[in-house]
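Visitor: Got a minute to walk me through this one? I'd like to pick at the packing and the sheets.

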Amino acid sequence: MKIAVCVKQVPDSWAEKKMVNGVLDREGVDAVLNDLDEYAVEEALRIVEAHGGNEEGGANSVTIVSMGPERATEAIRKALSMGANDAILVSDAALAGSDALATSKVLAEVIKNGGFDLVICGTESTDARMSVVPAMLAQRLGWAQLTFASMVSVDPAANTVSITRTTEAGVDAINAKLPAVVSVVEKINEPRYPSFKGIMAAKKKTIDSRDLATVGVSAESAWSLVADSAPRPPRAAGVKVTDEGNGGNDLVKFLTEKKFI
Amino acid sequence: MSQIFILADFAGDKCTKTTAELATAAARNASVTAIVLAGPGAGAALAATVKHGPIANVLVVESADFATHGVAAAADAIAQIIAQKSPTALLVASHAYGKEVAGRVAVATDSGIITDAVDVAADLTATQLVFGGSTTVHSKVSKGVAIITVRPNSIEADLSDSAPAVENLSLTISDTAKLATTTSSTPPVKGGRPELTEAQIVVSGGRGTNGDFAAVEGFADSLGAAVGASRAATDAGWYPHSHQVGQTGKTVSPQLYVACGISGAIQHRAGMQTSKTIAVVNKDPEAPIFDLADFGVVGDLFAVLPQATQGVTAQKS
């Protein structure tokens with residue numbers, strides 16, 4: 001089984017983010033592998049490990065697929081050090097400022113031509129937080145969509161995948177024939193820490209860097225345009241009292257004044 | 001007058017207030033049609049619950065595929081409706097299902113998409129609060145139908161009665177939308193409390209609860225509030241992950257947010273700092289959460305909350 005895991009390099013969630021010319025400024029901040037994508041990498045590794053592992057030359061493999069600046073190789077190395085086999089990075093100046101539609105188009109093209117059986121994604125990136133790329137990928141590829149999975153099970157013999165979908169709307173059992181697009185929620189597993197051996201091995205693994213022409217898609221004009229952006233003013237300082245036996249009553253008084261009670 | 005379609009939002013068999021919020025935004029410069037996706041024979045009853053907000057028409061599509069093929073079938077139906085009726089925009093509730101449906105419709109109709117809008121102006125400029133609510137962005141879809149998902153509880157809904165004209169539309173869901181099959185569905189376990197993302201008031205507990213949420217829940221119930229939790233509390237197994245507020249959990253924007261025993265790590269703030277009013281109870285006077293507080297009590301939540309609960313209950317009786 002060949003699994004593709006889509007990952008994104010994002011600004012560290014602790015970093016202060018700002019907009020420059022209508023897009024997120026990615027230059028001046030620390031960049032890391034999107035937290036939520038680590039669960040996707042982990043789940044892909046667990047699936048291949050349950051079916052004979054992903055030794056070089058074997059039937060199973062996990063390929064990291066990403067779109068971003070050259071610098072995204074740092075995040076990709078982390079996924080490789082966890083145990084993925086290799087990676088494809090689509091990097092092209094024409095893709096700067098791409099939205100989910102452009103991203104899904106590029107990723108779908110790479111996946112379509114990669115001979116994959118299964119794509120696994122995180123549910124969202126911690127920077128844009130749109131949560132739509134997995135659904136868009138399924139639509140573009142014409143593959144089954146099994147998203148927000150808190151459990152994934154693959155049966156290679158039957159060529160099927162089943163998941164438990166967990167959202168605010170409840171819990172669903174969903175199954176499909178492969179190929180399929182799966183996204184996983186963070187409670188699905190505990191991502192492994194890369195071992196020293198894994199980190200050393202990752203340095204030798206291949207990251208296949210491609211531009212748009214190699215992928216075979218053209219850059220599109222944007223589907224949406226940012227008119228303006230501005231930092232929100234900081235909240236005005238509030239009132240702070242120390243509880244000396246009356247703190248609860250003080251809180252009730254405040255809530256009454258504000259008409260919450 | 002241009003036409004805007006909204007996807008009517010349901011909790012079980014009842015139309016939610018979110019539907020009226022979508023209609024309110026859409027009606028600023030257009031006639032509003034609500035799309036109701038229903039199981040066979042269930043359309044009329046569902047449509048009858050779409051009775052609040054400025055909705056001129058209801059378009060009912062019945063198919064067994066909506067239950068068995070979920071997001072993909074819904075998106076397929078909506079893309080067909082858009083192709084037939086050419087609305088200028090489609091507004092959908094910003095939750096997992098709504099965003100995924102919108103995403104697929106955007107691809108199918110080659111249209112732009114904006115997610116998590118907190119407001120939509122008459123010219124379809126969407127307002128978003130990004131980077132944990134620290135930055136306001138205004139943007140517009142520039143290609144195709146403007147597909148915008150709107151965060152529940154952000155727009156003040158016009159809840160006046162409406163008597164929309166109901167039209168039934170029959171469609172055949174494409175085979176490519178039937179690749180994944182739902183074999184069973186369990187609705188969320190409903191406590192007596194409101195849904196976290198829709199609640200007017202949210203009371204959340206964190207590390208300071210030490211795993212005992214009784215005081216937090218008691219205060220929440222006195223106010224009719226939803227209960228939230230910080231990642232520290234859900235990771236420790238003290239409260240279900242479904243209640244986690246923050247960057248990797250839910251984003252809430254209630255009228256009132258009460259943070260109890262929560263230090264205010266940036267990940268948590270990202271999920272709640274757009275709340276209209278914020279109150280804080282924390283033992284540590286240096287906790288960063290106090291920077292956001294309109295009203296803060298430095299004190300032990302196990303002393304402050306029971307007293308406050310008693311005070312609220314006394315006032316209400």
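Visitor: Which strands does helix α4 of chain B lie across?

Guide: Helix α4 (residues 70-85) of chain B lies across β1 (3-7), β4 (31-38), β5, β6 (89-93) and β11 of chain B. Relative to β4(B), α4(B) runs at about 145°. Keep in mind that this is a predicted model, where local features need pLDDT of at least 70, side-chain atom pairs count only at pLDDT 80 or more, and totals for chains, interfaces and linings use all residues. Residues are numbered from 1 along each chain as its sequence is written, and chains are lettered from A and ligands numbered from 1 in the order in which they are written.

Visitor: And what are the cut-offs behind those words?

Guide: Helices (H or I, at least four residues) and strands (E, at least two) are DSSP runs, numbered from the N terminus. Contact is counted if C-beta atoms, placed from the backbone, lie within 7 Å. Axes are lines fitted to C-alpha atoms, for helices over the stretch in contact, and angles run from 0 to 180 degrees between N-to-C directions.

Visitor: What about α5 of chain B, which strands does that helix lie across?

Guide: Helix α5 (residues 96-109) of chain B lies across β1, β6, β7 (113-120) and β10 (146-150) of chain B, at about 170° to β10(B).

Visitor: How do the axes of α4(B) and α5(B) cross?

Guide: Their axes come within 8 Å and cross at roughly 45°. That makes α4(B) oblique to α5(B); angles under 35 degrees count as roughly parallel, over 145 as roughly antiparallel, 65 to 115 as roughly perpendicular and the rest as oblique. The crossing of α4(B) past α5(B) is right-handed, a label used if the near helix is turned clockwise from the far one by less than a right angle, with anticlockwise being left-handed.

Visitor: Which residues meet there?

Guide: From α4(B), V71(B), A72(B), A74(B), A75(B), I78(B), A79(B) and I82(B) meet Y97(B), E100(B), V101(B), R104(B), V105(B), A108(B) and T109(B) of α5(B). By class that contact has 11 nonpolar, one polar and two charged residues. Ala, Val, Leu, Ile, Met, Phe, Trp, Tyr, Cys and Pro count as nonpolar, Asp, Glu, Lys and Arg as charged, and the others, Gly among them, as polar.

Visitor: OK, the sheet underneath. What's the strand order?

Guide: The open sheet of 10 strands goes β14(A)-β9(B)-β8(B)-β7(B)-β10(B)-β6(B)-β1(B)-β4(B)-β5(B)-β11(B), with mixed pairing. Two strands pair if DSSP finds at least two bridges between them. β14 (224-231) of chain A and β11 (165-169) of chain B stand at the edges with a single partner strand each, so one side of each has no neighbour in the sheet. On average, neighbouring strands of this sheet are turned by 35° against each other, direction ignored.

Visitor: How does the chain A strand join on, parallel or antiparallel?

Guide: β14(A) runs antiparallel to β9 (residues 135-141) of chain B, joined by seven bridges. S229(A) has V137(B) as its bridge partner in β9(B). At the other edge, β5 (residues 57-62) of chain B and β11(B) run parallel with five bridges, and L59(B) stands opposite E167(B).

Visitor: Where are the domains in chain B?

Guide: Domain 1 covers 3-177 and domain 2 covers 196-316 of chain B, with bounds from an automatic or database domain assignment. Their centres, taken over C-alpha atoms, are 32 Å apart. Seven residues of domain 1 of chain B are in contact with 10 residues of domain 2 of chain B.

Visitor: And how many residues does the contact between chains take?

Guide: 73 residues come from chain B and 66 residues from chain A. The chain B side that touches chain A has 34 nonpolar, 31 polar and eight charged residues.

Visitor: Switching to backbone oddities: which peptide bond is cis?

Guide: The one from L178(A) to P179(A), with omega near 0°. P179(A) sits in the loop between β11 (170-177) and β12 of chain A.

Visitor: What about S131(A), positive or negative phi?

Guide: Positive, about 70°, although S131(A) is not a glycine. S131(A) lies in the loop between β8 (118-122) and α4 (133-141) of chain A.

Methods
Contact = placed C-beta atoms within 7 Å.
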